Amino acid sequence: RRLTLADARGLGDEFFAAVALVIRSSMALRHLVLSTEAVLRENSSSGDNGAASVADAARLTGRLAKLWLLHSGVTDVGAEAIASALPACFSLTDLSLADNRIGDDGAAKLAEALADCETLRRLSLHNNRIGDAGAHALAAAAAANPSLRRLTLSNNRIRTGFPESWRHSLADAMALAPGTRSGGFVGDGGDRFGAAPR
């Protein structure tokens, strides 16, 4: 039911293709955690190709409940591939794309997908390259999505606060993570949103 591959260093397209095959062929697999710690060049597309392979497999099966692609070199391109699969991932409740290279464009695509994603409860995008525009798009989408209970955006490039009008709509489910240097929503209480980094 669970597959965790951690510290799989420097793996490329073939590795992700094999993981996609496992997703497609395993009727029991529900939780997939990949932390490739890949040493990828800034212009490498392996992380995005991997995200697309995994997204296609997840879309076809619809069985995964937890999908974490950590330290995998995923950029806006890979985030868009994951976003396109979200509406077909009927069982997915926990998605983490933390510690990647996703910026505002990828965040906006994920935000768009949240409108059609009725099962996702947790979305973690901490330690990426998301700025104000992407954070605002995600916060608005989170406020409109009744199933999403936790959105983590800490350690990104968020510089401004969030509008006062969002405070009340987000307050029940999300709050600024204590001690974050840039705006990071996390469930479990709190009363501030989008504080500027210190």
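**Close-up 1. Helix α5 and its buried residues in the predicted model.** This is a predicted model, and the view starts on α5, where Gly134, Ala135, His136, Leu138, Ala139, Ala141 and Ala142 are buried. An α-helix has 3.6 residues a turn, so residues three or four places apart point the same way. The length of α5 works out too: its 13 residues should span 18 Å at 1.5 Å a residue, and the C-alpha atoms at its ends are indeed 18 Å apart. One of the buried residues here, Leu138, turns up again in the next view as a well-connected member of the largest nonpolar core.

**Close-up 2. The largest nonpolar core, with 45 residues.** The members touching the most other members are Leu67, Ile82, Leu95, Leu110, Leu123, Leu125 and Leu138. Two or more core residues come from each of α1 (13–25), β2 (31–35), α2 (46–61), β3 (66–70), α3 (76–85), α4 (104–114) and α5 (132–144). Zoom in on Ile82 and, once its neighbours within four places in sequence are set aside, you find contacts with Ala51, Ala55, Leu67, Leu69, Leu95, Leu97 and Leu110. As a rule of thumb, nonpolar side chains in soluble globular proteins tend to be buried together.

**Close-up 3. An open sheet of six strands.** The strands line up as β1-β2-β3-β4-β5-β6, and the pairing is parallel. At the edges stand β1 (2–6) and β6 (150–152); each has a single partner strand, so one side of each goes without a neighbour in the sheet. On average, and ignoring direction, neighbouring strands are turned by 5° against each other.

**Close-up 4. Strand β2 and its partners β1 and β3.** On one flank, β1 and β2 are joined in parallel by five bridges, with Arg2 opposite His31. On the other pairing, β2 and β3 also run parallel over five bridges, and here Leu34 sits opposite Leu69. Strand β2 is mostly covered, with five of its five residues buried. In a regular strand the side chains alternate between the two faces of the sheet. For β2, one side carries His31, Val33 and Ser35, the other Leu32 and Leu34, and both faces are covered.

**Close-up 5. The pairing of β3 with β4.** Look along the sheet to β3 and β4 (residues 94–96), parallel strands joined by three bridges. Trp68 has Ser96 in β4 as its bridge partner. Leu67 and Leu95, both named in the core view, are among the residues that touch the most other core members, and both are in contact with Ile82.

**Close-up 6. Arg30, in the loop between α1 and β2.** Arg30 is partly exposed, at a relative accessible area of 25%. Leaving out residues up to four places away in sequence, Arg30 touches Arg1, Arg63, Leu64, Ala65 and Lys66. Its pairing with Arg1 is worth a look: the two are 29 residues apart in sequence, yet their C-alpha atoms are 5.2 Å apart in space.

**Close-up 7. Cys89 and Cys117, two cysteines without a bond between them.** Which cysteine sulfur is closest to that of Cys89? It belongs to Cys117, but at 7.4 Å the sulfurs are too far apart for a bond, given that a disulfide needs them within 2.5 Å. The structure holds zero disulfides. Both residues are tucked away: Cys89 is buried with a relative accessible area of 8%, and Cys117 is buried with 2%.

Methods: Residues numbered from 1 in each chain as written. Predicted model: local features only at pLDDT ≥ 70, side-chain atom pairs only at ≥ 80, totals over all residues. Heavy atoms only, no water. Core = buried A, V, L, I, M, F, W, Y, C linked by side-chain atoms within 4.5 Å. Buried < 20%, exposed > 50% of the residue type's maximum accessible area, 1.4 Å probe, protein only. Helix = DSSP H or I, 4+ residues; strand = E, 2+ residues; numbered from the N terminus. Contact = heavy atoms within 4.5 Å. Expected span 1.5 Å × (residues − 1). Pairing = 2+ DSSP bridges. Axes fitted to C-alpha atoms, helices over the stretch in contact; angles between N-to-C directions.
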